[in-house]
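Biologist: I should like to learn how the features of a model such as this one are to be read. Could we proceed from the whole chain to a single residue?

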Amino acid sequence: IHNCYRDCIVSDNASFATRIEDNLFSECGKGMLNSFCVICRGSDYRISHNIAKNFGYGAIGVGVWYKTYKPNPCNGVVSDNEIYYDSAYFANYKSHTLMDAGAIYVWTQNDNSVIINNNVHHYTGMADNRGIYLDDGACNVMVWGNVVNNIPNSYCIDSRSVHGIEKEAES
């Protein structure tokens with residue numbers, strides 16, 4: 001998928017297995033929104049052996065935001081993907097990136113999600129761009145065996161607890 005302005009592939013609350021494998025995503029998220037190459041919120045997803053190169057906000061997003069109704073379990077595997085900016089895109093990041101993002105972004109509600117053996121490198125943005133970002137107290141997620149490097153403006157892997165959110169009734 002090349003030259004996409006918004007989200008490229010979205011599997012939203014699927015009660016069946018979604019497979020997104022062996023794809024190339026390049027120059028995606030050009031609309032300067034919180035867009036992803038792939039979003040999965042459902043049961044038994046597998047996002048593997050993809051390449052995401054030069055995207056605006058995030059490459060892969062999984063899980064369900066804590067204030068969103070989750071009708072089905074949200075579980076699956078994100079594995080063996082390569083996610084990066086090439087040298088020209090990386091050098092010119094101010095013209096096509098946002099802030100507070102993750103190359104692999106995990107929302108709060110998950111039921112056994114696994115992030116394993118991914119290669120995330122040369123990723124940056126306007127501020128606080130993480131290689132793997134478990135946002136707003138994301139739970140029921142296992143992260144291991146990933147290689148994350150050259151993330152110059154934030155953490156390679158960021159899993160944060162948000163006490164205010166933990167106290168909210170919807171969380």
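Biologist: What percentage of the 171 residues in the protein chain is buried?

Modeller: The model is predicted. A residue is called buried when its relative accessible area is under 20%. In the protein chain, 50% of the 171 residues are buried. The accessible surface comes to about 7,800 Å², and carbon and sulfur atoms account for 50% of that surface.

Biologist: Why does the radius of gyration of the protein chain agree with a compact globule?

Modeller: The radius is set against the value expected for the chain length. A compact globule of 171 residues would have a radius near 16 Å, and the protein chain has 15 Å, so the two agree. Along the principal axes, the C-alpha atoms fill a box of roughly 45 × 35 × 30 Å.

Biologist: How many helices and strands does the protein chain have, and how far apart in sequence are the residues in contact?

Modeller: The protein chain has two helices and 16 strands. Of the contacts between residues at least 6 apart in sequence, 81% join residues at least 24 apart.

Biologist: Where does Arg 130 lie, and is Arg 130 buried or exposed?

Modeller: Arg 130 lies in strand β13, which covers residues 127-134. Its relative accessible area is 7%, and therefore Arg 130 is buried.

Biologist: Which residues does Arg 130 touch?

Modeller: Leaving aside residues up to four places away in sequence, Arg 130 touches several residues, among them Asp 100, Tyr 123, Tyr 155, Cys 156 and Asp 158. In addition, a polar atom of the Arg 130 side chain lies 2.8 Å from the backbone oxygen of Asp 128.

Technical notes:
Residues numbered from 1 in each chain as written. Predicted model: local features only at pLDDT ≥ 70, side-chain atom pairs only at ≥ 80, totals over all residues. Heavy atoms only, no water. Helix = DSSP H or I, 4+ residues; strand = E, 2+ residues; numbered from the N terminus. Rg over C-alpha atoms; globule rule 2.2 N^0.38 Å. Buried < 20%, exposed > 50% of the residue type's maximum accessible area, 1.4 Å probe, protein only. Contact = heavy atoms within 4.5 Å. Areas by Shrake-Rupley, 256 points an atom, 1.4 Å probe, with all protein chains shown as cover. Polar contact = N/O pair within 3.5 Å; in protein donor to acceptor, adjacent residues only side chain to side chain.
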